[in-house]
Amino acid sequence: MHDREAEYAAAADRLRDAWRDPADPDADSRWCTGEIAVHTWDLATALGVGTGGFDPRVAEDGLAFMSGALTPEYRGSMFGPEQPAPAGAGPYERLAALAGRVVPTA
């Protein structure tokens, strides 16, 4: 039987390490960063608060990685087809559109 709490804690430590030293993060950490940024946009949108106050580097890193990694075979049921991002969209909105979210115009 797996110790899921220990596995989660170890994964969280690796992610924090990757954020502290972004020179050479592993693919799992970069996926997590992208996922966190996408779901940050999801929550901000659901709450109507926008993403202007959030650290853009998180979304920019997620966008940079997922732009190459989010291929059709990895989209599955979790990510819809890429959507257009509105002109002037920030990094969270561009990442959300890449992940298949419909991003409203401001």
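## Burial and overall make-up

Of the 106 residues in the protein chain, 30% count as buried. Keep in mind that this is a predicted model. The surface of the protein chain comes to about 7,000 Å², with carbon and sulfur atoms supplying 58% of that.

As for secondary structure, the protein chain has five helices and zero strands, so from the N terminus on you simply read α-α-α-α-α. Looking at contacts between residues at least 6 apart in sequence, 55% join residues at least 24 apart.

## Helix H2

H2 covers residues 27-47. With 21 residues, H2 reaches 30 Å from its first C-alpha to its last, close to the 30 Å expected at 1.5 Å a residue. Its buried residues are Ser 29, Thr 33, Gly 34, Ala 37, Val 38, Trp 41 and Ala 44. Right after the helix sits Gly 48, with a positive phi near 70°.

## Helix H5, mostly under cover

How many of the eight residues of H5 are buried? Seven of them are, so this helix (residues 91-98) is mostly covered. The buried set is made up of Pro 91, Tyr 92, Glu 93, Leu 95, Ala 96, Ala 97 and Leu 98.

What covers those buried residues? The cover includes H2, helix H3 (56-69) and helix H4 (72-75). H5 also has a glycine following it: Gly 100, whose phi is positive, near 95°.

## The nonpolar core

The largest nonpolar core has 17 residues, and the ones with the most contacts inside it are Met 66, Leu 95 and Leu 98. H2, H3 and H5 each supply at least two residues of this core. In soluble globular proteins, nonpolar side chains tend to be buried together.

Met 66 is worth a click in the viewer. Setting aside neighbours within four places in sequence, Met 66 is in contact with Trp 31, Gly 34, Glu 35, Phe 79, Leu 95 and Leu 98. Two of those partners, Leu 95 and Leu 98, are also listed among the buried residues of H5, while Gly 34 is one of the buried residues of H2.

## A nonpolar patch outside

Some nonpolar side chains are on the surface instead: Leu 43, Leu 47, Val 49 and Phe 54 make a nonpolar surface patch of about 430 Å². Leu 43 belongs to H2. Why does Leu 43 count as exposed? Its relative accessible area is 57%, and exposed means over 50%. Ala 44, by contrast, is listed among the buried residues of H2.

Terms used. Residues are numbered from 1 along each chain as its sequence is written. This is a predicted model: local features need pLDDT of at least 70, side-chain atom pairs count only at pLDDT 80 or more; totals for chains, interfaces and linings use all residues. Side-chain values use heavy atoms; hydrogens and water are left out. Helices (H or I, at least four residues) and strands (E, at least two) are DSSP runs, numbered from the N terminus. Buried means under 20% relative accessible area, exposed over 50%, partly exposed in between (1.4 Å probe, protein chains only). Contact means heavy atoms within 4.5 Å. Accessible areas come from the Shrake-Rupley method with a 1.4 Å probe; for residues, only the protein chains shown count as cover. Patches are made of residues with over 30% relative accessible area and no salt bridge: like charges are joined within 9 Å, nonpolar side chains (Val, Leu, Ile, Met, Phe, Trp, Tyr) within 5 Å. A salt bridge is a side-chain nitrogen of Lys or Arg within 4 Å of a carboxyl oxygen of Asp or Glu. A nonpolar core is a set of buried Ala, Val, Leu, Ile, Met, Phe, Trp, Tyr and Cys residues joined through side-chain atoms within 4.5 Å. The expected span of a helix is 1.5 Å times one less than its number of residues.
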